[in-house]
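User: I would like to go through this structure by question and answer, with the reasoning set out at each step.
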Amino acid sequence: MAEVKLSVADRRSVWWRHQFLQGSWNYERMQNGGWCYAMIPAIKALYKDKEEQAAALKRHLEFYNTQPYVSAPIIGVTLALEEERANGAAVEDQTIQGVKVGMMGPLAGVGDPVFWFTVRPILGALGASMAMGGSIVGPLLFFIAWNLIRMAFLWYTQEFGYKVGTTIAQDLSGGLLGKVTEGASILGMFIIGALVQRWVSISFTPVVSRIEQAAGAYIDWANLPAGAEGIKEALSQYNSIGATALDPIKVTTLQDNLNALIPGLAAVLLTLLCCRLLKKGVSPITIILALFAVGIVGRLIGFM
């Protein structure tokens, strides 16, 4: 059987479709629809049998989610693995999905700060400053420069992933793929752990204690000067005394005690619970609805 290769035109079609990765985002499998849509030209080029095409579509409808632009090297590696599989290499479905899952976490941690928090704000500030001066070049500069940067990045990193992916696929028996996947997974877990405290917020409101504070440990609102001087004095006292300066009674909640013990402990435990449920096969939609229900009930009974 003749060797099957993805042409530049095939890869360019994948690159163009990959720009619409977020087009069918959903809460259960997130970007899987956009990913599968991007892979269709490659699947048609590599597999001529309808059953093989259907099987390829099915394996690319699994869960997938990362920053849209750094997804390009992942799809490049995936194209190489699919190409090797079409040519008879022992590339299993689990291998392809493992590479995707192993790479998407760490790359997302890099892509968000680079694109959303650096490149885009810089271009936006530059364009806005020119627009405020009455120049139409400002918005045009932002639109053109941003799209040139992202489209060029998507293409060249996809090609880089494709070339590297061919090397990985040829060394399946040597363990290179396992090392790449393992390293990416470790980095991904590290980044996820660092983001838990930032993105997961839980506050337990039950009051543990109420302690009357000594004079001078809180703002004496009744004896503040009138007008602006009173505001200035209140701010000065708040800065010198701290957050407990607002009330003569210091209230300590369950959350305050947990924060004093291990900050972010509840957020980490909740994250681990969700991971455990996902590993058990519980649907992400079920977990999301359960979190909504727990939050609403907790708020109504005054526990959260």
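User: Is C274 buried or exposed, and what is its relative accessible area?

Analyst: This is a predicted model, and the values below are computed from it. Buried residues are those under 20% relative accessible area. C274 falls below that cut-off and therefore counts as buried, with a relative accessible area of 16%.

User: How far is the nearest cysteine sulfur from that of C274?

Analyst: A disulfide requires two cysteine sulfur atoms within 2.5 Å. By this rule the count of disulfides is zero. C274 is accordingly in no disulfide, and the nearest cysteine sulfur, that of C275, lies at a distance of 7.0 Å.

User: Is C275 buried, partly exposed or exposed?

Analyst: The sulfur of C275 is too far from that of C274 for a bond. Partly exposed residues lie between the 20% and 50% limits. With a relative accessible area of 45%, C275 is therefore partly exposed.

User: Within what arc do the buried residues of α10 fall?

Analyst: Helix α10 covers residues 265–279, and its end C-alpha atoms are 21 Å apart, which agrees with the span expected for 15 residues. A266, A267, T271 and C274 are buried in this helix. Seen down the axis, the buried residues of α10 line one face, because they fall within an arc of 135°.

User: Which exposed residues does the face of α10 turned away from its buried side carry?

Analyst: An α-helix has 3.6 residues a turn, so residues three or four places apart point the same way. In α10 the buried residues line one face of the helix. The face turned away from that buried side carries the exposed residues L272 and K279.

User: Which residue just after α10 takes a positive phi?

Analyst: Helix α10 comprises residues 265–279. Just after it, a positive phi of about 95° is taken by G281.

User: How many of the residues of α4 are buried?

Analyst: Helix α4 runs over residues 71–86 and reaches 22 Å from its first C-alpha to its last, close to the expected 22 Å. After this helix comes G88, with a positive phi near 100°. The helix is largely enclosed by the rest of the structure, because the number of its 16 residues that are buried is 15.

User: Which residues touch the most other members of the largest nonpolar core?

Analyst: The largest nonpolar core has 27 residues. Helices α2, α4 and α5 each supply at least two residues of this core. Apart from it lies another core, of ten residues, which includes F115 and W155. Within the largest core, the residues that touch the most other members are L6, W35 and L79.

User: Which residues does L6 touch, leaving aside those up to four places away in sequence?

Analyst: L6 is one of the residues that touch the most other members of the largest nonpolar core. Leaving aside residues up to four places away in sequence, L6 touches R11, A42, A45, L46, L79, E83 and Y162.

User: How many residues apart in sequence are the parts tied together by E159 and R11?

Analyst: The side chains of E159 and R11 meet in a salt bridge, with N and O at 2.7 Å. E159 is buried at 10% relative accessible area, and R11 is likewise buried at 10%. E159 lies in helix α6 and R11 in helix α1, so the pair ties together parts whose separation in sequence is 148 residues.

User: Which residues are joined into one network by salt bridges that share partners?

Analyst: E82 of α4 and R59 of α3 are 23 residues apart, and their side chains meet in a salt bridge at 2.8 Å, N to O. R59 also forms a salt bridge with D93, the closest N and O atoms being 3.5 Å apart. E82 is buried at 0% relative accessible area, whereas D93 is partly exposed at 33%. Through shared partners, salt bridges join into one network R59, E82, R85 and D93.

User: What distance separates the C-alpha atoms of T286 and E28?

Analyst: T286 is found in helix α11 and is partly exposed, with a relative accessible area of 45%. T286 and E28 are 258 residues apart along the chain, yet the separation of their C-alpha atoms is 9.3 Å.

Technical notes: Residues are numbered from 1 along each chain as its sequence is written. This is a predicted model: local features need pLDDT of at least 70, side-chain atom pairs count only at pLDDT 80 or more; totals for chains, interfaces and linings use all residues. Side-chain values use heavy atoms; hydrogens and water are left out. Helices (H or I, at least four residues) and strands (E, at least two) are DSSP runs, numbered from the N terminus. The expected span of a helix is 1.5 Å times one less than its number of residues. Buried means under 20% relative accessible area, exposed over 50%, partly exposed in between (1.4 Å probe, protein chains only). A nonpolar core is a set of buried Ala, Val, Leu, Ile, Met, Phe, Trp, Tyr and Cys residues joined through side-chain atoms within 4.5 Å. Contact means heavy atoms within 4.5 Å. The arc is that of the directions from the helix axis to the C-beta atoms. A salt bridge is a side-chain nitrogen of Lys or Arg within 4 Å of a carboxyl oxygen of Asp or Glu.
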